[in-house]
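Trainee: I am new to this structure and would like a close look at a single part, with its surroundings explained slowly enough that I can follow each step on the model.

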Amino acid sequence: MIVDQGSSGRGSLTAENGGAQDAYVTVVDGQRVIRGVYVRAGGTATVDDVPDGTYALYFATGSGWNADIRGFTADRRASRFDQTLTFTTTRQQYTTWTVSLTPVPGGNAQSSDVPPDSLPR
């Protein structure tokens, strides 16, 4: 976990990176990153304690990770999922999402490329 800001909740987000490059995934409220996680190429990472709310999901890929800028320094690409993710908690249930950062046959999530320098950090 690279960023863990704001309140906590019971929501959970799992990001699967089937790509050949590492990724940085952010859960964003407006322009504020509330959760950010690094996902190695071919790996999976789970973000727990996501508070209730509706969030944008961004991800960046590349090489040469720089922790100071929370970004990659080479081969940079960035995308935003077109659909927002809503997390809701009741007394007996809470939301869990699993997303793939690479296209999968039969997948139902669309994403759009964004300029890497425009990512919320």
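Mentor: What follows starts with one strand, goes on to its partners and turn, and then visits a few other places.

Please keep in mind that this is a predicted model, in which local features need pLDDT of at least 70 and side-chain atom pairs count only at pLDDT 80 or more, while totals for chains, interfaces and linings use all residues. Residues are numbered from 1 along each chain as its sequence is written, and side-chain values use heavy atoms, with hydrogens and water left out.

The part I would choose is strand β3, which takes in residues 22-29; a strand here is a DSSP run of E with at least two residues, numbered from the N terminus. Strand β3 is mostly covered, since 7 of its 8 residues are buried, where buried means under 20% relative accessible area, exposed means over 50%, and partly exposed lies in between, with a 1.4 Å probe and protein chains only.

Strand β3 has β6 (53-66) as one of its partners, and the two pair in the antiparallel sense over 7 bridges; strands pair if DSSP finds at least two bridges between them. If you want one place at which to see this pairing, look at Val25, which stands opposite Phe59 in β6. Another partner is strand β4, residues 32-39, which is joined to β3 by 7 bridges and runs antiparallel to it. Here a useful place to look is Val28, whose opposite residue in β4 is Val33.

Between β3 and β4 there are 2 residues, and together the two strands form a hairpin. In that turn sits Gly30, which has a positive phi of about 70 degrees. Gln31 also lies in the loop between β3 and β4, and with a relative accessible area of 59% Gln31 is exposed. From Gln31 you can also look across to Ala56, which is 25 residues away along the chain, with 9.2 Å between the two C-alpha atoms.

Back inside the strand, Thr26 deserves a slow look, as its place is in β3 and it counts as buried because its relative accessibility is 3%. Once residues up to four places away in sequence are set aside, Thr26 touches Val33, Arg35, Gly36, Ala56, Leu57, Tyr58 and Pro120, where contact means heavy atoms within 4.5 Å. Among these residues is Val33, the one that stands in β4 opposite Val28, and Ala56, the residue whose C-alpha atom was compared with that of Gln31.

The backbone angle of Gly30 leads on to two other places in the model. Asp49 has a positive phi of about 65 degrees although it is not a glycine; its place is in strand β5, and it is partly exposed because its relative accessible area is 43%. Asp75, also not a glycine, has a positive phi of about 55 degrees and lies in strand β7, where a relative accessible area of 52% makes Asp75 exposed.

Strand β5 in turn leads to an open sheet of 3 strands, which has the order β5-β2-β9 and mixed pairing. Its edge strands are β5 (44-50) and β9 (96-100), each of which pairs on one side only. Strand β2, made up of residues 11-16, pairs with β9 in the parallel sense over 5 bridges, and within this pairing Ala15 stands opposite Val99 in β9.

In the loop between β8 (85-87) and β9 you will find Thr95, which is buried, as its relative accessible area is 17%. Leaving aside neighbours within four places in sequence, Thr95 is in contact with Arg10, Gly11, Ser12, Thr86, Phe87 and Thr88. Arg91 is found in the loop between β8 and β9 as well, but Arg91 is exposed, with a relative accessible area of 83%. Measuring from C-alpha to C-alpha, Arg91 and Ile2 are 29 Å apart in space, and they are 89 residues apart in sequence.

To return to the part we began with, strand β3 pairs antiparallel with β6 and is joined to β4, which also runs antiparallel to it, while 7 of the 8 residues of β3 are buried.

How values were computed: Helix = DSSP H or I, 4+ residues; strand = E, 2+ residues; numbered from the N terminus.
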